[in-house]
Amino acid sequence: MSEVNHRVLVIPNYQDWEYQALEQLCVHVGRGTAPCYVEQSDVKAIGQRCVSKTGFDPSYARPHSERAMAGTLQAIDGDVLLNSTGTGTIGRSVVFRESGSFIVDGHVTALRPKEGKFSSVWLSAVLQSPWGQEHLERFCYAGSTNQVELSASALRVTEVPTPPYNEQSKIAEILDTLDAAIRGTEAVVAKLKAMKQGLLHDLLTRGIDANGDLRPPQPEAPHLYKQTLLGWLPKEWDVAELGAITRELTQGWSPDCPSEPALAHEWGVLKTTAVVWSGYQEHENKRLPERMKPRPLLQAEVDDILITRAGPSSRVAVVAHVPATRDKLMISDKLYRLRVTGTQNPAFIAAALSSVAVQREISKTISGMAESQTNISQATLKPLPVPVPPKWEQDAIMVGIMSQSQKLKDEEALLYKLRLQKTGLMDDLLTGRTPVTALL
């Protein structure tokens with residue numbers, strides 16, 4: 001067996017690029033120094049939290065004394081900043097491009113390129129690649145599990161297959177363009193999530209009038225509202241006990257099942273993780289062994305409201321759709337299956353049960369209990385106050401919520417596609433499998 005070369009970063013090299021050590025490409029590879037923090041300063045110290053997964057975050061940089069600049073490492077445009085300590089953060093890198101005065105603290109290593117030797121975006125991408133992360137972990141980290149640190153000396157002698165500078169620049173251009181698209185889509189997703197939460201609150205407290213518009217807020221139109229156990233609600237709405245609008249409330253069954261999920265058309269038992277705030281997750285189930293007889297009466301069906309009674313309790317989701325391959329799932333004993341009367345919209349009632357006001361009422365009943373004992377009983381659920389608008393308004397509210405949810409899903413799908421595209425491009429470009437000129 002050939003001896004492993006600890007210096008060589010093992011990565012496919014389809015173009016036979018020359019291997020060069022990082023100390024050949026950089027004018028500096030090393031950590032910063034311990035900062036001298038002050039209350040206010042125009043100089044900021046870069047710590048680990050500044051080197052985030054999504055790029056450089058200056059909001060975490062802390063003021064550093066302008067009188068203590070001697071011997072500090074000042075960050076300049078184009079530096080590659082590499083986290084050098086900390087479980088979960090070590091090995092994370094970004095390209096520094098901020099204006100203003102910054103120094104690098106002792107938990108961050110700066111790699112400063114020689115002019116015309118390497119593109120910062122290209123090198124950061126190499127370090128963040130699976131090959132780069134594996135090399136850093138195997139050969140550049142030292143210390144115990146909780147005190148692992150990156151060795152600057154091992155990093156300096158690390159050799160990487162290095163494309164010509166003009167090719168690096170083109171690779172960086174492609175990755176920068178894709179990163180900009182990803183950041184833009186992430187911003188849209190974050191905005192839509194905030195809008196959805198705001199819209200959900202408005203729809204569940206103000207509702208929709210006969211003209212299809214949101215009612216004005218209570219302070220602007222107090223005559224349209226009444227005070228209830230759940231706060232101010234439209235006068236046309238009732239507040240009913242959950243038991244009064246429920247035709248069935250059933251607890252499930254938890255047989256001893258293997259951990260793997262059921263295959264297509266096999267019987268399975270839903271776990272509590274099948275119920276999350278974002279919806280019903282049918283893939284979160286355990287396969288029922290063939291030796292055990294299923295209980296079809298516990299089967300989850302469309303329009304069922306599922307409520308976690310334990311671990312953690314009171315999460316709510318409605319079964320909006322059952323794929324043909326997932327039509328044999330039963331609820332576990334840590335779940336309730338709630339079926340409402342025909343005069344209610346199950347999706348609306350599920351949304352109402354998830355609202356801040358109703359969740360607050362649930363919290364009152366379990367406050368003071370140990371976390372291991374916060375099981376919601378049927379006696380707790382049945383008297384729970386729930387807002388009950390007219391059925392036509394419940395339907396209209398859910399149209400608004402579903403429309404906003406679909407916009408969010410579309411953008412999240414686009415974000416997933418962009419990230420997948422970046423992963424594929426990095427694999428092609430950093431290994432030379434696809435020449436960058438072909439992509440341009």
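Author: Two strands count as paired if DSSP finds at least two bridges between them. This model is predicted, and the questions below follow its strands and helices in turn.

Reader: With that definition in hand, how many bridges join strand 3 to strand 10, and do the two run parallel or antiparallel?
Author: One of the bridges can be found from V43, whose bridge partner in strand 10 is S101. Strand 3 and strand 10 meet the cut-off of at least two bridges, and the number of bridges joining them is 4, with the strands running parallel.

Reader: Which residue of strand 6 stands opposite V43?
Author: Strand 3 (residues 43-46) also pairs with strand 6 (residues 62-64), in the antiparallel sense and over 3 bridges. Within strand 6, the residue that stands opposite V43 is H64.

Reader: Which strands stand at the edges of the sheet with the order 2-11-8-9?
Author: This open sheet has 4 strands, and its pairing is antiparallel. Inside it, strand 8 (residues 80-83) is joined to strand 11 (residues 108-113) by 4 bridges, and N83 stands opposite V108 in strand 11. On average, neighbouring strands of this sheet are turned by 15° against each other, direction ignored. Having a single partner strand each, so that one side is left without a neighbour in the sheet, the edge strands are strand 2 (26-31) and strand 9 (93-95).

Reader: At about what angle to strand 9 does helix 2 run?
Author: Helix 2 (residues 120-128) lies across strand 8, strand 9 and strand 11. Taken against strand 9, the angle at which helix 2 runs is about 170°.

Reader: What kind of aromatic pair do F56 and F96 form?
Author: The structure holds 4 aromatic pairs, and the one formed by F56 and F96 has a centre-to-centre distance of 5.2 Å. The pair links distant parts of the chain, 40 residues apart, with F56 in strand 5 (residues 55-56) and F96 in the loop between strand 9 and strand 10 (101-104). Planes over 60 degrees apart count as edge-to-face, and because the planes of F56 and F96 stand at 85°, the pair is edge-to-face.

Reader: In the sheet with the order 22-19-25, which residue of strand 22 is the bridge partner of V269?
Author: This open sheet of 3 strands has mixed pairing, and its edge strands, strand 22 (285-287) and strand 25 (329-331), each pair on one side only. Strand 19 (residues 268-270) and strand 22 run antiparallel and are joined by 3 bridges. In strand 22, the bridge partner of V269 is K286.

Reader: How are helix 5 and helix 9 oriented to each other?
Author: Helix 5 (residues 165-205) and helix 9 (residues 391-431) pack with their axes 9 Å apart and at an angle of about 160°. Their contact has 23 nonpolar, 5 polar and 9 charged residues, and helix 5 passes helix 9 in a left-handed crossing. Angles over 145 degrees count as roughly antiparallel, and the two helices are therefore roughly antiparallel.

Reader: How is helix 6 oriented to helix 9?
Author: The axes of helix 6 (residues 346-354) and helix 9 come within 9 Å and cross at roughly 75°. In this contact, A347, F348, I349 and A351 of helix 6 meet Q394, I397 and M398 of helix 9, and the residues divide into 6 nonpolar, 1 polar and no charged. Because angles of 65 to 115 degrees count as roughly perpendicular, the orientation of helix 6 to helix 9 is roughly perpendicular.

Methods: Residues numbered from 1 in each chain as written. Predicted model: local features only at pLDDT ≥ 70, side-chain atom pairs only at ≥ 80, totals over all residues. Heavy atoms only, no water. Axes fitted to C-alpha atoms, helices over the stretch in contact; angles between N-to-C directions. Parallel < 35°, antiparallel > 145°, perpendicular 65-115°, else oblique. Left-handed = near helix turned anticlockwise from the far one by under 90°. Nonpolar A, V, L, I, M, F, W, Y, C, P; charged D, E, K, R; others polar. Contact = heavy atoms within 4.5 Å. Phe/Tyr/Trp six-rings, centres within 6.5 Å; stacked < 30°, edge-to-face > 60°.
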